[in-house]
Amino acid sequence: MKFATMLSDVLPSLFKSPMTEMYPFERKEPPTHLRTLPKWNRENCSGCGLCAVDCPSQAIEMIVLDKKEKRFVMCFHIDRCTFCAQCTYSCHQGCLEMTPENWELATLDNKALTLCLGDRADVEEFLAIISSPDTA
Ligand code: SF4
Ligand code: SF4
C-alpha cells in the first residue's frame, strides 16, 4: 500500500468517534432473524421426541416423566446446538421456534451449558434422578 493511500485511510479515522461497541454495558436489539437457542413452547408438546431424534448435533434430550400427565423435561445442550433449526421443522406440534431472544449464551460454567426446561417440579425431579448415586 502506498503511503499516501494509507494516510487517506488513517487521517479521517482520527476525527471519527470509535466504532467499538461497549457491550455488555450497552446492548443493541439483536437482528430479528438471528437464530439462537430454540424456544420450547411446551403447552402442545406430546413428548414424541422427534426433535431429539432429528437433531444432528444431539443437542436435545426429551425426558418423559409421565406421558399421560404430560410431564416432560427438555434439556438443551447449548454447546452442541448449531442453530440449524432442524428441530423446529421436525416438531409437528409447532412447539419449537427459532427466536433472537436467547442469544447471550457464552459462559465459563460448564454446567450452565445444559439447560433443562419444563414444569419446575418436573425439572427438579429429573435433576434429582440423574444426580442420585444409583444412576451414576
Ligand atoms: S437448532 Fe439444530 S442443533 Fe440446535 S437443537 Fe435444534 S436441531 Fe439441534
Ligand atoms: S418434536 Fe415437538 S412435540 Fe415432539 S417432543 Fe419435540 S417439542 Fe415435543
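**Salt bridges, a small sheet and a ligand shell**

Glu124 is partly exposed, with 46% of its relative accessible area available. This value, like the others below, was computed from a predicted model. A good place to start is the partner of this residue: the side chain of Glu124 meets that of Arg120 in a salt bridge, with 3.3 Å from N to O. Both residues belong to helix 4, where Glu124 and Arg120 are four residues apart, or about one turn of the helix. Arg120 counts as exposed, because its relative accessibility is 66% and the cut-off for exposed is over 50%. Sharing of partners also occurs: Arg71, Asp122 and Glu125 are joined into one network by their salt bridges.

How many salt bridges does a search of the whole structure find? The count is six. One of them connects Arg27 with Glu104, whose closest N and O atoms are 2.8 Å apart. This pair is worth a look in the 3D view, as it links distant parts of the chain, 77 residues apart. Arg27 sits in the loop between helix 1 (3-14) and strand 1 (39-40), while Glu104 sits in the loop between strand 4 (96-97) and strand 5. Arg27 has a relative accessibility of 51% and therefore counts as exposed. Glu104, in turn, is partly exposed at 37%. Another salt bridge is formed by Glu21 and Lys28, and here the closest N and O atoms lie 3.1 Å apart. With a relative accessibility of 59%, Lys28 counts as exposed.

The next feature to find is the sheet. It is open, consists of three strands in the order 2-3-5, and has antiparallel pairing. Which strands form its edges? They are strand 2 (60-66) and strand 5 (114-118), each of which pairs on one side only. From one strand to the next, the twist averages 20 degrees. Five bridges hold the antiparallel pairing of strand 3 (residues 71-77) with strand 5. Within this part of the sheet, Val73 stands opposite Gly118 of strand 5. Helix 4 (residues 120-131), already met above, packs on the sheet and touches strand 2, strand 3 and strand 5. The direction of helix 4 makes about 65 degrees with that of strand 3.

For a closer look at one edge strand, Met62 is a handy guide, as it lies in strand 2. Is Met62 buried or exposed? Its relative accessibility is 17%, so Met62 counts as buried, because buried means under 20%. Leaving aside residues up to four places away in sequence, Met62 touches Trp40, Cys45, Gly47, Gly49, Ala52, Phe72, Val73 and Met74. Val73 in this list is the residue that stands opposite Gly118. Asn110 lies elsewhere: it is 48 residues from Met62 along the chain, and the C-alpha atoms of the two are separated by 20 Å.

Finally, attention turns to ligand 1. Which residues come nearest to ligand 1? Of the 13 residues around it, these are Cys55, Cys81, Cys84, Ala85 and Cys87. Sorted by class, the shell around ligand 1 contains 10 nonpolar residues and three polar ones, with no charged residues.

Methods
Residues numbered from 1 in each chain as written. Chains lettered and ligands numbered in written order. Predicted model: local features only at pLDDT ≥ 70, side-chain atom pairs only at ≥ 80, totals over all residues. Heavy atoms only, no water. Near = heavy atom within 4 Å. Nonpolar A, V, L, I, M, F, W, Y, C, P; charged D, E, K, R; others polar. Pairing = 2+ DSSP bridges. Helix = DSSP H or I, 4+ residues; strand = E, 2+ residues; numbered from the N terminus. Axes fitted to C-alpha atoms, helices over the stretch in contact; angles between N-to-C directions. Contact = heavy atoms within 4.5 Å. Salt bridge = Lys/Arg side-chain N within 4 Å of Asp/Glu carboxyl O. Buried < 20%, exposed > 50% of the residue type's maximum accessible area, 1.4 Å probe, protein only.
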